[in-house]
Amino acid sequence: MDEFQEILQDFLIESFELVEKLDEDLVELENNPEDLELLNGIFRVAHTVKGASSFLNFDVLTHLTHHMEDVLNKARHGDLIITPDIMDVVLESIDLMKALLETIRDTSADAGIDVAACVVRLDKISGGDGEVPAPAAVEAVEATPEPVVEEAAVAAEDEVDYDSMSPDDLEAEIEKLLQERQDEDKAKRQAKIDAGEEVLAAPPEPIEDEPAPAKADASPAPAPEPTPAPVPVAQAPAAKKEEPKAAAPTKRAPAAVEQTIRVDVKRLDHLMNLIGELVLAKNRLIKINDDVEERYEGEEFLEELNQVVSIVSLVTTDLQIAVMKTRMLPIGKVFNKFPRMIRDLSRELNKKIDLVLGGEDTELDKSIVEEIGDPLVHIIRNSCDHGVETPDIRLAQGKNETGTIGLKAYNEGNQIVIQIDDDGKGLDAVMLKDKSVEKGLITEKEADSMSDKEAFTLIFKPGFSTAAAVTSVSGRGVGMDVVKTNIEKLNGMIDIDSEIGVGTSMKLKIPLTLAIIQALLVGVQEEYYAIPLASVLETVRISKDEIYTVEGRSVMRLREEVLSLVHIGDIFEVERILDANEHAYVVVLGLGTSKLGLIVDTLVGQEEIVIKSLGDYLKGIEGVAGATIRGDGGVTLIVDVVALMSMARDVKSTALSEPSSAVVSHEKTKASDYTIMIVDDSKTDRTIMRKALEPIGITLVEASDGQEALNILKSGDYNFDAMLVDIEMPRMDGYTLATEIKKYNKYKNLPLIAVTSRTGKSDRMRGVESGMIEYITKPYSADYLSSVVQRNVNFKSEFL
Amino acid sequence: MSDQLKEVINQQNKQQNTDLNQLDDIVQLVGFVIGDEEYAIPILAIQEIIKPFSWTRVPQVPAYVLGVFNLRGAVIPLIDLRSKFGLQTKKQSDETRFIVMRHGDDVAGFVIDRLTMAIRLKKRDIGPAPDTVSGKDTIIEGVGKQADKIITILKVNKLLERDF
């Protein structure tokens, strides 16, 4: 059973791959009905699927493919010209084949789908036309064993059933097929010679639809003989050239097959995760390197360390790109289904539409390729239905009767752009606004203040449809809404340009990969957030008085525009413990055509971050797209720009109102209610201070450096009345400590007393700048220290 | 196969079965204190117990969800059991620990006041939750009776369930 399953799996993978390419080929074939190569390719698919399915006992599938094969075989031998009507039947049968394959994939059996009707139609084509006397052109082909196959095919009711054959019969069948193949090649060679001859003999005749081999052969032939070439001479080299050429299709096939192995996607995902970890470790290493560099400036080993760090970071980046590439698929995989779709749609809508594909080789992450299909279907359907006009209208407007839809993909920086152009009637901004107002999607006022570009984005509003009538193709007003959500889910953006009567151009900008992105790190109070760089248009430094309030919202003037502002702290409920700075930074976020200014306290910088999910427990938190682990091992939340933009509308601005500083004054009832922190790195100095202050009975807390002092202060265990701070300390010196402390609103009035041996004027100045109110120079008398402290904490003399 | 051999094998099987039965009868728990109460959870639900370190606040969640922290590369939610149980929040001390619990794919860290010990309880010593708190939504699995005290055993899957 297992073995069977294994074979079945292989069969399914192979079949789906083959079928995927088939649609495109078939539509191509309709345009070039004589393209032998295409026909052969399509025939081979049907044949392969038939062979394998009969081996696996999928009778229904075998039955169907067998009849398909008949029709295609005829066409391939020129007995049948593929007309659109025949193509409809062939396409229908291919759809059935797909459905069957899907059923097999899901149930391991091919029951439940009725193919009889389709088979009859196929038979009619192959049988009906088969009776028609074969054209003279194919005599050579018809002569050889072909009739055997033909007979078996036309009398198709009892099909060739490979697995019921005896070994001998099978042998014979193989022999026959081989023979057939050789004959095919021979015939092809013959055909090509004929074609070549024709081209040479009758140059003025327009080149046929399938010129590739003929042209290639024709040009080298005259080249060696520039003189008027007698036909027979020219024909000879052409024929000779033909020899290897004819063999090419069979030989080229294996050569064209790239050296590949199938790898389970799970393994790639795992690899991707590991790389993610490595990127985090790299970021951390770089950070440590910076720290070390700062501390041991000028040391010799630094250079070596630098080198190693830069090599590691270089290799990690390369490795990341390499692994990312393993997950990349050409977008052609998605594009492939569109020629068929356009064909069906244009027949259904009675329009003439050409699809021009471009950049099919552009590669995208597998997960994105899977997600991008649906939005594209919606957009293209929309273009066909609403964009491109009917042929008579087009002619009346002096346009080409056949409309063109262009679908191309290309790289732009760290993004992939998928562009969908049509030369249809374009979007009418005024009409879009009217419709939206009519449907109550926007207010009259909003409509008036809308630019054309903003009006175009109205088509993405849920419930919006410009089609007067709901057709089976579109007009239900769901499609474009889905497009927008899907694209935004991928961190992508949509850009629309349109001109009435000329056409519409839509650009989908999508990041290359979902797992690792470039982000701008911003700080607010003591927290940090990461904003995907793709949504950041620019950053501006502003002062408080550049912010205006209009109708309860903060706005600012950015060049010619008015930008609405929101404070990141209001969105993420950040507690305001730090003193507000006079200056702030505005990160201008852009999503499609809408813009928003996000006020932050600090800009930290740009960093490559690995997106991690917050897990089931915390999923769906509005405004948070995920989390990432930073170089220092901490977790930073990633801003969901899409959600943030919609949240910004409902957030009340509080950013600029000064926080009410609740002053908690504790009534002192005894000497030990007074608490002083002593910050000094020298144990001796701390003891001296302790000895000087202990007699008055106040509570003393010691810290051995600035960092420790800050931590004690922040922990809130004590309510300090004053701090004695040494200046020179490891980790964090006294000046820095003072500056840090003064950032907090509630410590604004905490007396900081410098106790130091630095006596220089500039030292004193620095002390004052950083917020120290007293300056005691070592050595000092115990009484002096005690009196300074008492004065600063308003020590009540009755406790003495 | 000789009869003797069969007998030996039979005996072995019996032995193993009784061993298993004995194991089945005993539940291993880890006890910890929140406020004044002692609680316990099955030892198998614990991924690890770690000393507290810094975490990142997450907006728009109930107060008992402190935020997320980095556990060797994984981002894990951190829940304060004190505030979840309606107690006053307390400063973390030297005895504070994060217990990382796992149930299926759900993982979260829980802040507890202090660990007590690993407890082995016989199944028959575990009673159902008191009627007043029983029902589908209770997070109490049962009450374990020990010589001198009783311990509330918590349902790990309920603890890990998002209830906001």
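The following exercises, with worked solutions, concern a predicted model of two protein chains, A and B.

Residues are numbered from 1 along each chain as its sequence is written, and chains are lettered from A in the order in which they are written. In this predicted model local features need pLDDT of at least 70, side-chain atom pairs count only at pLDDT 80 or more, and totals for chains, interfaces and linings use all residues, while side-chain values use heavy atoms, with hydrogens and water left out.

**Exercise 1. The interface**

Task: Describe the interface of chain A and chain B by its contacts, its buried area and its polar pairs.

Solution.

Step 1. Contact requires heavy atoms within 4.5 Å. By that criterion, 25 residues of chain A touch 27 residues of chain B.

Step 2. Buried area is the accessible area (1.4 Å probe) that two parts lose on being put together, summed over both. For chains A and B it comes to about 2,000 Å², of which 57% lies on carbon and sulfur atoms. Tyr617(A), Leu618(A) and Val635(A) provide 38% of the area that chain A buries against chain B, more than any other three residues.

Step 3. A salt bridge is a side-chain nitrogen of Lys or Arg within 4 Å of a carboxyl oxygen of Asp or Glu. The rule finds one across this interface, and Glu527(A) and Arg57(B) form a salt bridge with an N to O distance of 2.6 Å.

Step 4. A polar contact is a pair of N or O atoms within 3.5 Å; within protein, one must be able to donate a hydrogen and the other to accept it, and residues adjacent in sequence count only if both atoms are side-chain atoms. Eight residue pairs between chain A and chain B, both at pLDDT 80 or more, are in polar contact.

Step 5. Helices (H or I, at least four residues) and strands (E, at least two) are DSSP runs, numbered from the N terminus. On the side of chain A that touches chain B, the elements giving two or more residues are strands S9 (527-532), S17 (624-629) and S18 (635-639) of chain A. S17(A) gives the most, with three residues.

**Exercise 2. Strand S6 of chain B**

Task: Establish how strand S6 (residues 97-103) of chain B is covered, and with which strands S6(B) pairs.

Solution.

Step 1. Buried means under 20% relative accessible area, exposed over 50%, and partly exposed in between (1.4 Å probe, protein chains only). Five of the seven residues of S6(B) are buried.

Step 2. Two strands pair if DSSP finds at least two bridges between them. S6(B) pairs with strand S3 (residues 46-50) of chain B in the antiparallel sense over four bridges; Glu48(B) has Val100(B) in S6(B) as its bridge partner.

Step 3. Seven bridges connect S6(B) with strand S7 (residues 106-112) of chain B, again antiparallel. Here Met101(B) stands opposite Ala108(B) in S7(B).

Step 4. The hairpin of S6(B) and S7(B) has two residues between the strands, and Gly104(B) takes a positive phi near 65° there.

**Exercise 3. Salt bridges within chain A**

Task: Analyse the salt bridges of Asp88(A) with Arg343(A) and of Arg394(A) with Glu389(A) and Asp423(A).

Solution.

Step 1. Over all chains, the whole structure holds 23 salt bridges. In the pair of Asp88(A) and Arg343(A), the closest N and O atoms are 2.8 Å apart. Asp88(A) lies in helix H4 (residues 84-107) and Arg343(A) in helix H14 (residues 337-349) of chain A, 255 residues apart.

Step 2. Asp88(A) is partly exposed at 29% relative accessible area, whereas Arg343(A) is buried at 8%.

Step 3. Arg394(A) and Glu389(A) form a salt bridge at 3.0 Å. Arg394(A) is buried at 1% relative accessibility, and Glu389(A) is buried at 7%.

Step 4. Arg394(A) also meets Asp423(A) in a salt bridge (3.0 Å, N to O). Because Arg394(A) lies in helix H16 (residues 391-396) and Asp423(A) in the loop between strand S5 (415-422) and helix H17 (429-438) of chain A, the pair ties together parts that are 29 residues apart in sequence. Asp423(A) is partly exposed at 23%.

**Exercise 4. Positive phi outside glycine**

Task: Locate Arg559(A) and Gln60(B), and state the phi of each.

Solution.

Step 1. Arg559(A) has a positive phi near 50°. Arg559(A) lies in the loop between strands S12 (553-558) and S13 (561-567) of chain A and is exposed at 57% relative accessibility.

Step 2. Gln60(B) has a positive phi of about 60°. Gln60(B) lies in the loop between S3 and strand S4 (65-71) of chain B and is partly exposed at 29%.
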